[in-house]
Amino acid sequence: MQRIRLRYTKRGRLRFTSHRDFQRAFERALRRAEVPMAYSAGFTPHPKVSYANAAPTGTGSEAEYLEIALTEARDPEQLRVLLDESMPTGLDVVESVEARTSGLADRLTASVWELRLDGVDPAEAERAIAAFNAAEAVEVQRMTKNGVRTFDARPAVVHLENSKGTETHSSTADRPTDQPCAILRLVVRHVTPAVRPDDVLSGLRAVADLAPPVPAAVTRLAQGLFDEETGTVTDPLAPDREAATAPTEAETAATATASA
């Protein structure tokens, strides 16, 4: 059985696609592309697809991941092209590697987010960010199925800054262009309870009364393993690429024999 890991996007209006809607679209794409999927056992077999840490509905993303299991080996890049052609524009399959290591979900420990705040002066955003970063605790509330939950959002936020002059990944087609705009970059750890970008916006409102006049355009730029030394989020597919190019034990032994 071959396992393939894919990175896909949610762009433009497709950011409003729910995770369940994406699942249906992806399974249709698997059938159109005639992918030799492995299926689960039982009375209602399902294709073996593992989704990892999907972005909330309404947020864009450049870094969503999933893994599929095949009954026959396929070239990862050719498979990517076939699946991308079978998916709606905006739900784009942009990377594909053969899974040669374990624990993809375990490598998704942090995310990099972009928050576009139309109608917010960058200087005002700068003051709010300074107040948030200086706070020891930032309590926010979220409505859950069990009622309102209060929790501290500050420990999960590794980095928060105002990205002056940085190109935004958010769509501006339905956004005003003649008003001030602040673009925030956020690095947040994946903790329990999960701290989402809207929780950070609630925190900015709590500590500095920052309230954007229109909903923020939120895009996940990356997710992966958080590197404590550099403070960056690393590519979760890199170990699989490195394993694919590393020589096998047989190749190493053959090389050593030839050199002797």
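**Exercise 1.** In this predicted model, classify asparagine 53 as buried, partly exposed or exposed, and state where it is found.

*Solution.* Begin with the relative accessible area of asparagine 53, which is 37%. Next, recall that buried means under 20% and exposed means over 50%, with partly exposed in between. Asparagine 53 is therefore partly exposed. As for its place, asparagine 53 is found in the loop between β2 (49-52) and β3 (60-70), and its phi, near 55°, is positive although the residue is something other than glycine.

**Exercise 2.** Carry out the classification for aspartate 209, deciding whether it counts as buried or exposed.

*Solution.* The relative accessibility of aspartate 209 is 59%, and the cut-off for exposed is over 50%, so aspartate 209 counts as exposed. This residue lies in the loop between α4 and β10 (217-224), where it has a positive phi of about 55° without being a glycine.

**Exercise 3.** Describe how helices α3 and α4 are oriented to each other, and which residues meet.

*Solution.* Start with the geometry: α3 (residues 122-134) and α4 (residues 197-208) pack at an angle of about 95°, and their axes are 9 Å apart. Since angles of 65 to 115 degrees count as roughly perpendicular, α3 and α4 are roughly perpendicular to each other. Then turn to the contact itself, in which Ala128, Ile129, Ala131 and Phe132 of α3 meet Val200, Gly203, Leu204, Val207 and Ala208 of α4. Sorted by class, this contact has 8 nonpolar residues, 1 polar residue and no charged residues.

**Exercise 4.** Locate proline 193 and name the kind of peptide bond that joins it to threonine 192.

*Solution.* Proline 193 is found in the loop between β9 (181-189) and α4. The bond joining threonine 192 and proline 193 is a cis peptide bond, with omega about -5°.

How values were computed
Residues numbered from 1 in each chain as written. Predicted model: local features only at pLDDT ≥ 70, side-chain atom pairs only at ≥ 80, totals over all residues. Heavy atoms only, no water. Axes fitted to C-alpha atoms, helices over the stretch in contact; angles between N-to-C directions. Helix = DSSP H or I, 4+ residues; strand = E, 2+ residues; numbered from the N terminus. Parallel < 35°, antiparallel > 145°, perpendicular 65-115°, else oblique. Contact = heavy atoms within 4.5 Å. Nonpolar A, V, L, I, M, F, W, Y, C, P; charged D, E, K, R; others polar. Buried < 20%, exposed > 50% of the residue type's maximum accessible area, 1.4 Å probe, protein only.
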